[in-house]
Every structure is written in C-alpha cells, then in structure tokens.
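Q: Please take a close look at a single part of this structure. Walk me through one helix and its surroundings, step by step.

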Amino acid sequence: MKDLIDRIIALESISKELEPTEKERDRLNQEVQAYANTFIKALKTKPAYTKGEVNSDALKIDSHQHSLTTLLEHYSSEVADQGIKPASGGHLGYIPGGGIYTAALGDFLAAFTNEYAGMYYGSPGAVTIENELLDWMKGVFGFPKNAIGNLTSGGSIANLIALTAARDAYGVKNEKITKSVIYMSPQVHHCIHKAIRIIGMEDVQIRLLTLDALSKIDSEKLKETIAHDLENGLRPFMIIASAGTTDTGAVDPLEEIGAIAKQHHLWYHIDGAYGGFFILDEEKKELFKGIEMADSLVVDPHKSLFIPYGLGAVLIKDKEAVFQSHHYTANYMQDAVTNMQINPADVSPELTKHFRGLRLWLPLKLHGVQPFVACLKEKLLLTTYFRSQLEMIGFELGPTPDLSVSYFWYPVLEGDENAFNEKLMELIHQDGRIFLSSTKIDGKFVIRMAILSFRTKITTIDSAIVMIKTCLSAAKSHFGI
C-alpha cells in the first residue's frame with residue numbers, strides 16, 4: 001500500500017502543473033491580455049490578407065515544455081499573420097463577423113467554469129441562458145414560443161438539424177426518397193447540399209429554380225415546377241428559400257414562397273444564416289415579411305451579430321419531428337431526465353455540448369441590442385457608399401443589393417473581360433490591404449464585396465478604393481489597355 005501511495009504522490013507532483021497557482025494565472029493572463037491589445041491595435045495597419053507558407057515545425061506537438069511567450073510568438077507568425085484576417089475590418093471577402101471582444105470574454109468564462117450545456121440537470125443555468133437566447137430569436141422572427149431551437153456551431157449543423165426534421169416529418173425514406181422533391185435556388189449555400197447527402201437523401205429529386213434579374217426565386221416559375229412534378233407522380237415535400245444568399249445577398253420573396261408552401265402542404269425552410277438579423281433594422285423589416293411562415297429557420301449570430309466563429313442557431317416549429325431525429329435515452333443518463341426545460345442534447349446531434357451561448361448572452365446583456373442594430377445599419381450604408389465610389393471609377397455594378405453583399409466588374413471593350421477581372425482579382429489579393437473575393441454570375445467573373453465586419457468603417461472603404469485604383473492601373477498595364 002505504501003508503494004501505491006508513493007506512486008500516486010509522485011504522479012501528483014507532475015500532474016499539478018495542470019493547475020497553475022493564482023500568481024501563475026495572473027502572469028499568463030497578463031501575457032495573453034498584452035497580446036490581445038497588440039493584436040487589436042495592429043488590425044488597422046496590417047493587411048487583411050497575406051498569402052504565405054506556414055512553418056509547420058513551429059506548430060508540431062512534441063514532449064517538451066515551451067514558454068507562453070514563445071507560443072504566442074508562434075501563434076502570431078504562423079496563425080494570426082497568415083491567410084485571411086477574419087478579425088480585420090478589411091475582410092470584405094466572404095461573410096465576416098469580426099468577433100467582438102466581449103464575446104471572447106464569454107468564451108473565457110465558459111471555458112474555465114467548464115459548464116456542460118447539454119442537459120438542464122447538469123447545468124440549469126447554462127441551458128436556461130441558451131433557451132432564453134432562442135426565445136429572444138423566436139420573438140425577433142415571429143416564431144411561436146413552443147418552437148424548438150438549438151444553438152449550433154454554425155449554419156451547416158443548423159441546416160442539418162432542420163433538414164433532418166423535415167425528412168422525418170414527411171417520412172422521406174426507403175422507396176419514397178427517389179420520388180420526393182426539394183425546391184431551392186441555384187445560389188443556395190452548399191452546406192444545404194452537404195446536409196441532404198449526409199442525412200441519406202442523396203437520391204432525392206432536387207429542383208434548382210429559375211431566378212429573376214435580382215437573383216431571387218421566381219415564384220411563378222416555382223408554382224409551374226411544382227405543378228409539373230405533381231402531374232408526373234412525384235412527391236414535393238420541401239421548399240428552401242434564402243434570407244440573404246452568399247453570392248449576391250438576395251432575399252427571396254419569402255411571403256410569396258410561404259403561401260406556395262402552405263398551399264401544397266410543403267415544409268418551408270429558410271436559410272437566413274447571413275442575412276437574418278438584418279430584420280432588426282426597421283427599414284428592412286418589410287424585406288423579411290413571410291419569414292415567420294417558415295417551418296424551420298437558420299440564422300448565424302457569428303455573421304450578422306458579429307460574434308466569433310462557432311455560433312449558429314436553428315428554430316423549428318415541429319417539436320415531434322425534431323425529437324424523432326434526436327431524442328434518445330441511455331441508462332447512465334437516467335438521473336438527468338427532467339421536464340423543466342428542453343435539453344439542447346435532445347434536439348441536436350451533439351451530446352457533448354459546449355456552452356457556446358455565453359458568447360452571445362454576455363455581449364447582449366453588456367451592450368444591449370441597439371449597438372448591434374446600429375452596426376447593421378452602418379454596413380448597409382457602407383455598401384451603398386462603396387458601390388457609388390466604384391461606379392465613379394468606371395466599374396459596372398450588380399443590381400442594388402437587398403443587404404450588404406454585392407458584386408462588380410470592370411468592363412473591357414476589347415479582349416476577354418473575364419480574364420481581365422481575374423487578373424484584377426489576383427492583383428487585389430497580392431496587395432492584401434483589403435480582402436475581397438470573387439464569384440461567377442451566369443458565367444461572368446465578378447468581384448464580390450461582403451461588408452459585415454463590425455470593424456469595417458468608412459475609412460476601410462476609402463482604403464479599398466485606393467487599393468482597387470492601384471490594382472486597376474496594374475491590370476490595364478498588364479493587358480496593354
């Protein structure tokens with residue numbers, strides 16, 4: 001027994017390093033805080049994109065101990081200084097959020113208290129916070145109080161949960177799969193296609209719908225397509241609309257589509273991952289009319305509420321369909337059975353559930369909602385400003401956007417217009433001061449702006465214009481224009 005005790009004590013002397021003393025914690029916190037301050041200050045002057053090669057040797061896992069100072073240096077050089085800078089206000093390329101600082105504090109609290117947000121029994125406070133956030137969203141989007149919700153890692157899992165519920169509500173399995181039909185925009189986010197494949201509906205009939213000149217679903221064509229499928233003995237069961245597409249930021253005619261879904265008793269799903277929270281702007285509310293008609297809705301606080309990556313949300317009206325997909329019991333969890341509140345683990349694939357809700361709850365409680373609304377309004381106005389500046393330089397613009405995603409290209413009278421704009425995009429990426437991306441609209445190569453970072457200001461747009469002018473001159477020189 002003495003030998004056993006001696007071995008335990010010997011191991012304890014080593015393992016206790018995992019529990020730093022208060023003094024050591026203070027020192028570590030000070031180092032991280034100093035790095036955070038330096039990083040945030042430098043965002044205004046550092047490029048938003050840097051193409052480089054990572055020194056993987058600096059990031060390898062080995063058996064040695066390393067100082068936090070050294071590790072922060074490696075993090076800075078090999079992670080934070082490489083590729084796209086998602087925290088930068090100059091990230092105008094994909095769908096940035098920015099990552100507000102007070103959300104990081106929420107993550108810090110959730111990490112060191114190590115709350116488990118999967119079951120009410122395990123942490124009634126954590127689950128209550130997440131459910132309160134979902135109830136707030138139900139109010140924002142006009143969903144009933146008894147709708148089911150879940151805070152997910154992002155839009156991909158949120159869409160997966162919603163589409164699984166739709167599948168189970170309509171019994172789309174076995175021989176029914178090949179005759180069942182889903183209707184969606186060609187510009188629907190690709191995570192929808194992934195979800196369909198993951199949940200065993202790869203062989204379902206997918207109708208990519210006709211879009212109008214504004215890249216929105218053509219409701220009349222949708223009616224015709226459904227009628228044609230019914231005449232041919234198929235089984236329409238779901239329509240997917242977008243409240244802000246990734247390519248063009250278009251908001252589909254939600255109310256018209258909702259009426260069609262109701263007429264044909266179809267599951268109506270809306271992907272509002274990017275644009276959903278723009279409904280908080282009173283001037284945009286009319287654009288979202290009909291969103292309350294959805295059977296399921298996805299939104300991403302890590303996009304249009306500026307929270308760090310890793311927070312999506314799904315709302316679903318059919319509780320039984322969600323439970324059929326996700327609610328299971330296990331003997332070892334018998335103590336956790338409770339009817340107090342909906343357990344997040346019962347309405348999601350996740351059983352181990354990170355307390356991700358604190359990263360949204362804390363900022364909303366600290367700042368209130370109005371600064372978020374003001375930030376959204378600011379991004380809409382900056383989009384208008386950016387487009388007007390581009391037009392003055394001579395760029396052609398896509399249609400006036402519903403939200404803060406738009407696109408543009410430089411017209412070339414002679415030669416390959418796509419090749420010219422591809423070269424321009426290459427030069428913009430080489431410059432890197434501001435990060436923009438590209439897409440193709442009906443075969444045309446266009447440069448895309450997505451103005452959503454909370455750090456993007458009018459000075460950012462002015463810097464982008466200066467950069468674009470420089471790159472445009474270089475592109476013209478390259479092609480001898």
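**A close look at helix α8**

A: One contact list first, from elsewhere in the chain. Leaving aside residues up to four places away in sequence, Ser88 touches Leu43, Ala48 and Ser453. Ser88 sits in the loop between β2 (83-84) and α4 (101-113). With a relative accessibility of 3%, Ser88 counts as buried, because buried means under 20%. Keep in mind that this is a predicted model.

Now the helix. Helix α8 covers residues 219-231, which makes 13 residues. From its first C-alpha to its last, α8 reaches 19 Å. That is close to the 18 Å expected at 1.5 Å a residue.

Start at the N-terminal end. Asp218 caps α8 there. A side-chain oxygen of Asp218 lies 3.1 Å from the backbone nitrogen of Glu220.

Next, look at what is hidden. Ser219, Leu222, Ile226 and Asp229 are the buried residues of α8. Seen down the axis of α8, these buried residues fall within an arc of 80 degrees, so they line one face of the helix. The cover over the buried residues of α8 includes β4, β5, β6 and α9 (254-263).

Turn to the other side of α8. Glu224 and Glu231 are exposed there.

Finish at the far end. Just after α8 comes Gly233, with a positive phi of about 75 degrees.

Helix α7 (residues 190-198) offers a second example. Its buried residues are Cys191, Ile192, Ala195 and Ile196. They fall within an arc of 145 degrees seen down the axis of α7, so they line one face of that helix. The face of α7 turned away from its buried side carries the exposed His190, Arg197 and Ile198.

Conventions: Residues are numbered from 1 along each chain as its sequence is written. This is a predicted model: local features need pLDDT of at least 70, side-chain atom pairs count only at pLDDT 80 or more; totals for chains, interfaces and linings use all residues. Side-chain values use heavy atoms; hydrogens and water are left out. Buried means under 20% relative accessible area, exposed over 50%, partly exposed in between (1.4 Å probe, protein chains only). Helices (H or I, at least four residues) and strands (E, at least two) are DSSP runs, numbered from the N terminus. The arc is that of the directions from the helix axis to the C-beta atoms. Contact means heavy atoms within 4.5 Å. The expected span of a helix is 1.5 Å times one less than its number of residues. A polar contact is a pair of N or O atoms within 3.5 Å; within protein, one must be able to donate a hydrogen and the other to accept it, and residues adjacent in sequence count only if both atoms are side-chain atoms.
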